[in-house]
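Here are some short exercises to work through with the model open beside you. Try each task before reading its solution.

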Amino acid sequence: MKTDKQLKDDILAELRWEPSVNAEQIGVEVKDGVVTLAGHVNSFVEKWAAEEAVKKVSGVRALAVEMDVNLLGQSQRNDADIARSAENALEWTTNLPNDAIKIQVEGGWVTLTGDVEWAFQRNEAAGAVRNLRDVKGISNNILIKSTVSANGVKADITDALKRRAITDSQKIKVDVHGADVTLSGTVDNWAERELAMHSAWNTAGVRNVQNNIIVSF
């Protein structure tokens, strides 16, 4: 088991290794395996990349993000320009139904609403907007339409966990109410926690996933 100092050193090294992140602008605090990121970054995609980098480090039990996005330059686009760019980006995302997603932009913050059939479509919509210039953040409020049974969803998720060889997958409990899934239990590392969540989201008909899995060391 890593000490907090060892974990902090590993996180700083991971942030420095990630080319899309300026690690010098990010502060890292660790207490009992809980990581807090603070500071300022130059784009939303850099903030997202920093979060993803930390999640890859073994020993991270939870992550709190207190980073601000401070855009550089004097030629920042207004909300209407960002909205048009987001609309164009979604049009080029071939896995999304036409006119399924609505866009609202306020102060550089993009809110996505609408209905899709799969979680990967919801994620692709956010991914298409994430890299746009001058975006400060994203609220992904896209809903997933459900047409499957709760028992079928639970069986599919359980089979996926076994298939993906998560260590001690029997320690993960899957509760399904309608199209809402709650995961609980313990895993050995953050990567397995993320894999369990992705397994749930990648199951047809899942509308919401509450991930209560604890990382134990």
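**Exercise 1. Find the salt-bridge partner of Lys173 and give the separation of the closest N and O atoms.**

Step 1. Lys173 pairs with Asp175, and their closest N and O atoms are 4.0 Å apart. A salt bridge here is a side-chain nitrogen of Lys or Arg within 4 Å of a carboxyl oxygen of Asp or Glu.

Step 2. Check the surroundings of the acid: Asp175 is partly exposed, at 25% relative accessibility. The classes are buried for under 20% relative accessible area, exposed for over 50%, and partly exposed in between (1.4 Å probe, protein chains only).

Before going on, a word on the source: this is a predicted model, in which local features need pLDDT of at least 70 and side-chain atom pairs count only at pLDDT 80 or more, while totals for chains, interfaces and linings use all residues. Residues are numbered from 1 along each chain as its sequence is written, and side-chain values use heavy atoms, with hydrogens and water left out.

**Exercise 2. Work out how Lys5 and Asp9 are placed in helix α1, and do likewise for Glu52 and Lys55 in helix α2.**

Step 1. Lys5 and Asp9 form a salt bridge with a closest N to O separation of 3.1 Å. They are about one helical turn apart because they sit 4 residues apart in α1 (residues 4–17). Helices (H or I, at least four residues) and strands (E, at least two) are DSSP runs, numbered from the N terminus.

Step 2. Lys5 is exposed at 60%, whereas Asp9 is partly exposed at 36%.

Step 3. Glu52 and Lys55 also meet in a salt bridge, at 3.5 Å from N to O. Their spacing is 3 residues in α2 (residues 44–55), so about one helical turn separates them. Glu52 is partly exposed at 26%, and Lys55 is partly exposed at 21%.

**Exercise 3. Describe how α1 packs against α2.**

Step 1. The angle is about 135 degrees, with the axes 9 Å apart. Axes are lines fitted to C-alpha atoms, for helices over the stretch in contact, and angles run from 0 to 180 degrees between N-to-C directions.

Step 2. That angle makes α1 oblique to α2. Angles under 35 degrees count as roughly parallel, over 145 as roughly antiparallel, 65 to 115 as roughly perpendicular, and the rest as oblique.

Step 3. Ile11, Glu14 and Leu15 of α1 make the contact with Ala50, Ala53 and Val54 of α2 (contact means heavy atoms within 4.5 Å).

**Exercise 4. Describe the packing of helix α3 (residues 79–91) against helix α4 (residues 119–130).**

Step 1. Their axes lie 9 Å apart at an angle of about 130 degrees, which means that α3 is oblique to α4.

Step 2. The contact joins Ala86, Ala89 and Leu90 of α3 to Ala125, Ala128 and Val129 of α4.

**Exercise 5. Where does Asp134 lie, and is Asp134 buried or exposed?**

Step 1. Asp134 is in the loop between α4 and β6 (137–140).

Step 2. With a relative accessible area of 8%, Asp134 is buried.

Step 3. Asp134 has a positive phi of about 75 degrees, although it is not a glycine.

Step 4. Asp134 also belongs to a network of salt bridges with Arg77 and Arg133.
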